[in-house]
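Trainee: I am new to this structure and would be grateful for a guided discussion. May we go through it by question and answer?

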Amino acid sequence: MNATGTRRTAGQVRALAPDEASRRAGDGLATAGPWSGAGGRDGVVWGQCASSGRTPYRTVVDTAGPVYACTCPSPTSPCAHALGLLLLWAAGDPAVPDGAEPPGWAARRLAPRTAAPADPEAARRRAERRAARVTAGAEELERRLADLVRGGLAAAGRQGYGLWEETAARMVDAQAPGLAARVRGLGAIPGSGPGWPVRLLEECALAHLLDRAWLAADRLPDGLAATVRTRVGLPSVAAGPAVRDRWLVLSRTDTGDGRLTTRRIWLYGTAGGRTALVLSYGAAGRAPALALPVGALLDGELTPHAGSGQLRADPGELVPAPGPAAPPPGGPVGAALDAYGRALREDPWLESWPATLARVVPARAEYGWQLADADGHEALPVAAPDRPALWRLLALSGGAPVTVFGECGPGGFTPLTAWSPESPEDPVPLT
Amino acid sequence: MTTTDTAWERLVAAALLGTDRRPPAGARGAEAASTLLDAAARHTLRRRAGLRPGPAAVPPEPAPHDPRPALPEAARRRLDHLLAGRGAVPAAGRRGTAPDLAELLPQWLALAGERGYKAPPAALPALLDAARARTDLRPRALAFAGPRGVWLARLNPEWRFALRGGAGGALPDPGDEEAVRKLWEEGLFAERVALLGAVRAKDPAAGRALLATTWAGERAEDRLMFLDSLRAGLSAADEEFLEAALADRSRNVRATAAELLSALPGSAFAGRMAARALTCVGLDRTASVPTVVVEAPHECDEEMRRDGVAAVPPAGRGERSWWLGQLVEAAPLACWPARFGGRTPEEIVALPVADDWQPELHAAWCRAAVRQRDAAWSRALLGAPSTPPATGPGTSSLAERAQLLSTLDPAERARWVAAFVAAHGLSEAFQLLGVCTVPWAEPLGEAVIDALDVARDAGSYPWSFSGVMGLAERCLSPDAARLLASSAAVPEAEDTSPGAGAYWSEAFQRLVATLDLRARMRAELDGPPG
């Protein structure tokens, strides 16, 4: 790979920022003024940035890792200095000459990362112990669900949240985070407004189905068994053969609770037509490491995870690819629901399925907003808890048909990215 | 209702009441619950797998076409950043070295507006939110947002402001007489004010004629606002209408009419005021040096009152000096040179004034110079910029000096303020800098940078100059960045106290970064189309 192969565009650098404040601060530092002794080589960039103290901050970025190291006290990573330095480098600013010799402090900052050696026998024993605990948890959840249905959901609605919290804690103890999350979800339903008994029964039934599936996993086909393990909360593992394609980044969504940020990136294989989900995590307020900008085209391999109906994949090395990034092919709203229905056969616990709607118009219906086929008479309700996303979608459409990628499920369609026919190479992220 | 639906309803009912009370056929206890959950799981999945779309609602009316060209790519990204950055409030005290993006948004909007670009649709929600939070942004933001902005604003009650006249596009074309007449007769007050302003801006006579059609029937407070709209495009053609308004029932309307008339030096009103003022102010040639003598009016007669002179002074002011001030302020300045033996405004202002009348007389001349946009008198009353403000001729009030400055042409204004800054430093220059046109013309930029350097070297703290610094960030020409390179450098270890030096260099770095950003903003907008 040549020296410019890993050089990102300014837009990609900005997308690395963990928050808006860092992005702004990074923009402010993207001028040659405060920098000295800067340079780049083989995807590693370094420089000294004037600080308000006597000693300048030393900043090193390894774009391949990526690894960000800076002597500044900022708790965020990448910090504003790393962002500013990358922006300067991306702009080809002469203050950051490429092919320079790294100074000692920069070379030291980039110690190679080593992986811990594995002991297969110990790992197998650990997995067995964990499976036994999960089984105990699933049996306990089955008893709770049976008690609930025997006594009546109406009574459960009056008991409040405490009962569920306690059960969820038992599932955490059983090392079944998937079951724990499901139980917490059950606890929130009685307070979720009209129609809650129906939703509670549906979710109880699906939890029951998952319990039964886990307890009978040895009799399930391999693919479904893997899906059940993932749903219960065991680590999902990349298993399939790697798929090489030119991937279009469809959308990027961050959700988090302060301790952990989960980033969901949907990719579309422009040659093979495969849609894949890549996850990346950031702990304690840090941005997840993977920062693929929406609309980018990337050449490389993805390794699918095991399990039927699973779209998750692990990225290999993805290299920016040239070429126009047209929106993915899409269909009418009915096709999106059909695809979700078909996917349920592979994974009955799916809450949604990715879909691209072509030529849809956002319109106001009695129940709220909907996405309607421009050339038909059918529509899906928009499930957008995030109002700004809806306004951006409406502004982009202006009452005319647009292409929308999102997740389609029983609660409606959650729009994630939209394309206007006026500028098909400019996806508008709605998240 | 289908049989599947009925079966599901039965399941829900049984689950609500509990299988202990409503056992399914052939099962008891925990087994009964499990049987019910099995059935519910099958139904749930069947329902989910069989979901169908609903009917499409009536689609919205498409947004009108906007023929303006799209922004260059880089400018579009810049706009996103400026809009995303506007909500952030810098931490108290320290602002760091990063530019304050919120303060650059107005400038960006002005530049984009000059170049006739249309707003990127996806940026409209953030643009409308910004305009909602900051009324000063609204005219430019709404003009930039264009017809699609108005289309979008109709869908969200939070953006109603965009539909209320102004640049929102909801106003009819001022040339469309029928639509204008209809809105003028039926519109809400704010719409009518905006309409009158728009018509007046295009054709002053048409605006006045529109107002005259309903003038007699308007409420007093509305008459006052409408009359004030005539301030724009004021000319001798408005004299007749304003003379009539001097007989208005409302005192405030009369006063405003008089004020507007006094800005028309050729009007009959101005002639009457000149005659009154000239009887009060004259030259005593018998004194050892020629001296201005003042004989303030002894009464405020009916005629004076009709011409808008307020008879009752505010608390604490003598009535004769109050009347004098109003007469001199409303008299055309052109009447004075003849009164003072052909002297120029400079010479008149330099004359001594008898009996401590100078402050009163000069203050009235200042108000007259501002009202009549008279550069020669403003120049005379401002005096030399190097004269200390407290001892200058016209006024020591910085606000009034700023108003006087605004009547000079931009280049002269910049020269005057530059000389003022060079002589007196920055601490009193803030208001004066505020009336200089952006970007600051040389030598003003250089004078401000020199003065900042002097302040730093004197050991002042930079936050004493934060107002001027903020202005400099927005108003200095980006070319001035080269003058700042040395100032922005990190101070050497000679500065041991953890204070001013580092803060100054931070402030200068921010200044440089902001100028750089402004230069880039402009270059991006002039870049290849996106």
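The exchange below concerns a predicted model, and it takes up the interface, a loop residue and two strands.

Trainee: How many residues does each of chain B and chain A bring to the contact, and what area is buried between them?

Mentor: The contact takes 67 residues from chain A and 66 residues from chain B. Carbon and sulfur atoms give 62% of the area buried between the two chains. That buried area is about 5300 Å².

Trainee: Which residues of chain B lose the most area to chain A?

Mentor: Three residues stand out on that side, together giving 13% of what the side of chain B buries. They are L16(B), L37(B) and R48(B).

Trainee: How many salt bridges are counted between chain B and chain A, and what is the N to O distance in the one formed by R76(B) with D426(A)?

Mentor: The count between the two chains is 8 salt bridges. R76(B) and D426(A) form a salt bridge. A salt bridge requires the nitrogen and the oxygen to be within 4 Å. For R76(B) and D426(A), the closest N and O atoms are 3.0 Å apart.

Trainee: How many residue pairs are in polar contact across the interface, and which element gives the most to the side of chain B that touches chain A?

Mentor: Across the interface, 20 residue pairs are in polar contact, both residues having pLDDT 80 or more. Elements that give two or more residues to the side of chain B include α1 (3-17), α2 (29-49) and α26 (500-525) of chain B. With 14 residues, the element that gives the most is α2(B).

Trainee: Which strand of chain A is joined to β1(B), and which residue of chain A stands opposite P55(B)?

Mentor: Strand β12 (residues 378-381) of chain A is joined to β1(B) by 2 bridges, and the two run antiparallel. Opposite P55(B) in β1(B) stands E378(A).

Trainee: Which element of chain A do the buried residues of α5(B) pack against?

Mentor: The buried residues of α5(B) include L124(B), L127(B) and L128(B). Within chain B they pack against α3, α4 (101-114) and α6. In chain A, they pack against α12 (387-397).

Trainee: Is S477(B) buried or exposed, and which residues does S477(B) touch?

Mentor: S477(B) lies in the loop between α24 (466-475) and α25 (481-488) of chain B. Its relative accessible area is 14%, and residues under 20% count as buried, so S477(B) is buried. The C-alpha atoms of S477(B) and A519(B) are separated by 8.6 Å, although the two residues are 42 residues apart along the chain. Not counting residues up to four places away in sequence, S477(B) touches P439(B), W440(B) and L515(B).

Trainee: Why is β10(A) described as largely enclosed, and which residue of β11(A) stands opposite P362(A)?

Mentor: Strand β10 (residues 353-365) of chain A is largely enclosed by the rest of the structure because 10 of its 13 residues are buried. β10(A) runs antiparallel to β13 (residues 402-409) of chain A, with 6 bridges between them. A hairpin through 2 residues joins β10(A) to β11(A). In β11(A), the residue opposite P362(A) is L371(A).

Trainee: Which strands pair with β6(A), and which residue in the turn has a positive phi?

Mentor: β6(A) pairs in the antiparallel sense with β5 (residues 243-256) of chain A over 9 bridges. β6(A) also pairs in the antiparallel sense with β7 (residues 275-283) of chain A, over 9 bridges. The hairpin of β6(A) and β7(A) has 5 residues between the strands, and the turn residue with a positive phi, of about 75 degrees, is G273(A).

Key. Residues numbered from 1 in each chain as written. Chains lettered and ligands numbered in written order. Predicted model: local features only at pLDDT ≥ 70, side-chain atom pairs only at ≥ 80, totals over all residues. Heavy atoms only, no water. Contact = heavy atoms within 4.5 Å. Buried area = accessible area lost by both parts, 1.4 Å probe. Salt bridge = Lys/Arg side-chain N within 4 Å of Asp/Glu carboxyl O. Polar contact = N/O pair within 3.5 Å; in protein donor to acceptor, adjacent residues only side chain to side chain. Helix = DSSP H or I, 4+ residues; strand = E, 2+ residues; numbered from the N terminus. Pairing = 2+ DSSP bridges. Buried < 20%, exposed > 50% of the residue type's maximum accessible area, 1.4 Å probe, protein only.
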